[in-house]
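Student: I would like to work through this protein one point at a time. Please reason each answer out from the model.

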Amino acid sequence: ENALKAKFPCLSIVRSSDILIEIMNKGISKGGSVRFLCDEWNIGLDKTVGFGDHYNDLDMLETVAMPFIMENGPEELKAKIENVTLSNESDGIYYGLKKTGLVE
């Protein structure tokens, strides 16, 4: 990952699992996409919720007002994101949304 970032500074490179990376045009990120959509749809960032389970989600989780890291996410991210919900296989998104009050 770091070698590719050094060799191709014109690209956006992020790890999406222990063995996978994502390569995109420079400036493309999930957080940027959230900001773009909120601008397009006139939604305040203070009304956003995000769920992620790996490093490629960190930018998005740092952008939204209420971020959730899945229980199956890396320990490093669970230390950074206050809200840890159940794993992908254990209805973690449902329980996170329940915590926000968006679902019963």
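The questions below go from the overall fold to single residues of this predicted model.

Student: In what pattern do the helices and strands follow one another along the sequence?

Tutor: The model is predicted, so local features are taken up only at pLDDT of at least 70. The secondary structure consists of 5 helices and 5 strands. Read along the sequence, their order is α-β-β-α-β-α-β-α-β-α.

Student: What percentage of the residues of the protein count as buried?

Tutor: The C-alpha atoms fill a box of roughly 50 × 35 × 20 Å along the principal axes. The protein exposes about 6,800 Å², and carbon and sulfur atoms supply 53% of that area. A residue counts as buried at under 20% relative accessible area. Of the 104 residues, the share that counts as buried is 34%.

Student: How far apart are the mean positions of the positive and negative charges?

Tutor: The protein has 11 positive and 17 negative charges. Each set is reduced to its mean position, and the distance between the two means is 5 Å.

Student: Which residue forms salt bridges with both lysine 5 and arginine 15?

Tutor: The protein has 5 salt bridges in total. In one of them, lysine 5 has a partner whose closest approach, N to O, is 3.2 Å. Arginine 15 pairs at 3.4 Å, again between the closest N and O atoms. The partner in both cases is glutamate 1.

Student: How many residues apart are the two partners arginine 15 and glutamate 1?

Tutor: Arginine 15 and glutamate 1 form a salt bridge. Arginine 15 belongs to strand S1, while glutamate 1 is in the segment before helix H1 (2–7). The pair thus links distant parts of the chain, and the separation is 14 residues.

Student: Is glutamate 1 buried, partly exposed or exposed?

Tutor: Partly exposed covers the range between the buried limit of 20% and the exposed limit of 50% relative accessible area. Its salt-bridge partners have values of 36% for lysine 5 and 27% for arginine 15. Glutamate 1 has a relative accessibility of 33%, so the residue is partly exposed.

Student: Which residue forms a salt bridge with aspartate 46?

Tutor: Aspartate 46 is exposed, with a relative accessible area of 58%. The partner also counts as exposed, at 63% relative accessibility. The closest N and O atoms of the pair are 3.9 Å apart, and the partner is lysine 47.

Student: Which residues are joined into one network by salt bridges that share partners?

Tutor: Aspartate 46 and lysine 47 form a salt bridge. For the network, the salt bridges to follow are those that share partners. These join Glu1, Lys5 and Arg15.

Student: Is serine 12 buried or exposed?

Tutor: Serine 12 is found in strand S1. Leaving out residues up to four places away in sequence, serine 12 touches Glu22, Ile23, Met24, Asn25, Lys26, Gly27 and Ile28. The limit for burial is under 20% relative accessible area. At 18%, serine 12 is therefore buried.

Student: Where does isoleucine 19 lie, and is the residue buried or exposed?

Tutor: Isoleucine 19 lies in the loop between strand S1 (11–15) and strand S2 (21–25). The cut-off for exposed is over 50% relative accessible area. With 77% relative accessibility, isoleucine 19 is exposed.

Student: Which residues make the nonpolar surface patch of about 430 Å²?

Tutor: Leucine 86 lies in the loop between strand S5 (83–85) and helix H5 (92–100). Residues in a patch need over 30% relative accessible area. Leucine 86 has 32% and is partly exposed. The patch is made by Leu86, Tyr94, Tyr95, Leu102 and Val103.

Student: What is the phi of asparagine 42?

Tutor: Asparagine 42 is placed in the loop between helix H2 (30–40) and strand S3 (49–52). The residue is exposed, at 74% relative accessibility. Its phi is positive in a residue other than glycine, with a value near 55°.

Student: What is the phi of aspartate 91?

Tutor: Aspartate 91 is located in the loop between S5 and H5. With a relative accessible area of 51%, aspartate 91 is exposed. Although aspartate 91 is not a glycine, its phi is positive, at about 60°.

Conventions: Residues are numbered from 1 along each chain as its sequence is written. This is a predicted model: local features need pLDDT of at least 70, side-chain atom pairs count only at pLDDT 80 or more; totals for chains, interfaces and linings use all residues. Side-chain values use heavy atoms; hydrogens and water are left out. Helices (H or I, at least four residues) and strands (E, at least two) are DSSP runs, numbered from the N terminus. Buried means under 20% relative accessible area, exposed over 50%, partly exposed in between (1.4 Å probe, protein chains only). Accessible areas come from the Shrake-Rupley method with a 1.4 Å probe; for residues, only the protein chains shown count as cover. Lys and Arg count as positive and Asp and Glu as negative; His and the chain ends are not counted. The place of a charge is taken as NZ of Lys, CZ of Arg, CG of Asp or CD of Glu. Patches are made of residues with over 30% relative accessible area and no salt bridge: like charges are joined within 9 Å, nonpolar side chains (Val, Leu, Ile, Met, Phe, Trp, Tyr) within 5 Å. A salt bridge is a side-chain nitrogen of Lys or Arg within 4 Å of a carboxyl oxygen of Asp or Glu. Contact means heavy atoms within 4.5 Å.
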